[in-house]
Amino acid sequence: MTLLQTKALLSDRVFYYFEEISKIPRGSGNTKEISDYCVKFAEEKGLSVRQDKWNNVVIRKPASPGRENEDGMIIQGHLDMVTEKLPDSPHDFLKDAIELVIEGDFLTAKDTTLGADDGIAVAMGLALLENDELSHPCLEVIFTSDEETGMDGAMNLDMSDITGKYVLNLDSETEGILTAGCAGGAKVKTVLPLARSEYKGVCYSIIITGLKGGHSGAEIDKERANADILMIRLLRMLYREEGIRLLSLSGGGKDNAIPRECRCQVILDSDHIDNVREKTQYFEEIIRKEYASSDSDISVQIMEEEEGIFQILDEQSLKKVLFYFHNIPNGVIFMNQDIPGLVETSLNLGILTVNSYKAECHISVRSSVASRKKLLLEKLSDMAEQVGAQMSVSGEYPEWGFRRESKLRETMKMLYHEMYAEELKVDVIHAGLECGYLLQKKPELDIISFGPQMYDIHTTEERLSISSVNKIYAFVKRLIETGIRK
């Protein structure tokens, strides 16, 4: 008996399949094995299956007798997972299984991400297909690849043979919420050529830490500090007032994460050191007040390293770096005019580096209005052109606009209330989902994204509520059995 089977977590085999797929390495870019597993499953069950070169899998199960004339239902999720681990973990995401751990009502993993985002969709999809006692219209289960790194699977998915009308995207992590729309987005990379010259002085490291950071979609409205933006602001002040020179800079780790830390090396003349220390401390006091509510633990430290002759940015290059990154838009740009509190358009300077002979930044742009996303990209392009930088755009994905009339959404709300005497909340999010690509390929689709309760996804603290999985899976089965209400 396996760990999850001994716990008798569910009468159907959702957790059985979750444990099985957790044995298969499936980080983004490494989805062939998990894709093949789903194909083998379908073939063994005698189901129609299609696999493409992107490792997307489409499995079709004909309607139960008497339900052939109903509009089909589509279950959709992604095969890949985010691969994060603790610094001292020996886990190898290319060959090791995820080590599952049960802690009360939660399923988690030992020292790594759990992969419930979006492994639980795969497990539910397989369990539904396996259940021959379930009355259903035609079921089409779509598993896409590489969602976490740009939605490449969904972007390249062929949907010409898809017949279903109602889509259940199982890639949401808050129980009780029906997501009915999301922002589109794009990744921006800018490279600014730099020149260097020799300069004699004392090298100091400046480190900005203690920020909360967060997801650039889900947390951008919280007005949290961006460590990259703060560092440029400090450097600009110190250059203008004390003539510091820049040797290197590094901040942020992902374009879609608000940077929590930024480090740089600066070169000072010895007679400016005391002033720079005082002004750095003063800067810390200023930004602590500005971000007292969102980032109360901001810390700015300056530490001496060595004296010598260094290859610093020449003055013209330093001015370009400070001008461009000080004036680049960042954070919330427009709020949604119809839904109070919802961000419509934003961008996040996620990664910033200055080394060798270039400055490079990676930005995540999001908007639920295509024309405003385009406008923001044009502004970034204009700014890059002014300083002689080269900008490229990749990973662009479409928005999923809110549908005012949705039979699927209304059926789910009524059925959920009947089953649990609870009201489902309808929401639109500023993050991105694959639903935009599905709708772009088939505009007639009626789509809802929802799922069981998870916490701290994309981190080693990721947890999945066992009771919530049971509840949501029971609801999905009932929805399929009863069908969409006219």
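This is a short tour of a helix pair and one glutamate in a predicted model.

Residues are numbered from 1 along each chain as its sequence is written. In this predicted model local features need pLDDT of at least 70, side-chain atom pairs count only at pLDDT 80 or more, and totals for chains, interfaces and linings use all residues, while side-chain values use heavy atoms, without hydrogens and water.

**Stop 1: helix α8.** Select residues 315-327. Its 13 residues should span 18 Å at 1.5 Å a residue (times one less than the number of residues). The end C-alpha atoms are 18 Å apart, which agrees. Now colour Ser317, Leu318, Val321, Leu322, Tyr324 and Phe325: these are the buried residues of α8 (under 20% relative accessible area, 1.4 Å probe, protein chains only). An α-helix has 3.6 residues a turn, so residues three or four places apart point the same way.

**Stop 2: helix α6.** Add residues 227-242. The axes of α6 and α8 come within 9 Å and cross at roughly 135°. That makes α6 oblique to α8 (neither under 35 degrees, nor over 145, nor 65 to 115). Show Ile229, Ile232, Arg233, Leu235, Arg236 and Tyr239 on α6. They make the contact (heavy atoms within 4.5 Å) with α8 residues including Glu315, Leu318 and Phe325. The residues of this contact divide into 8 nonpolar, 1 polar and 4 charged (Asp, Glu, Lys and Arg count as charged; Ala, Val, Leu, Ile, Met, Phe, Trp, Tyr, Cys and Pro as nonpolar; the others, Gly among them, as polar).

**Stop 3: glutamate 344.** Go to strand β17, residues 343-355, and pick glutamate 344. Is glutamate 344 buried or exposed? It counts as buried, at 6% relative accessibility. Beyond its neighbours within four places in sequence, glutamate 344 has contacts including Arg366, Arg372 and His430.

Technical notes
Helices (H or I, at least four residues) and strands (E, at least two) are DSSP runs, numbered from the N terminus. Buried means under 20% relative accessible area, exposed over 50%, partly exposed in between (1.4 Å probe, protein chains only). Axes are lines fitted to C-alpha atoms, for helices over the stretch in contact, and angles run from 0 to 180 degrees between N-to-C directions.
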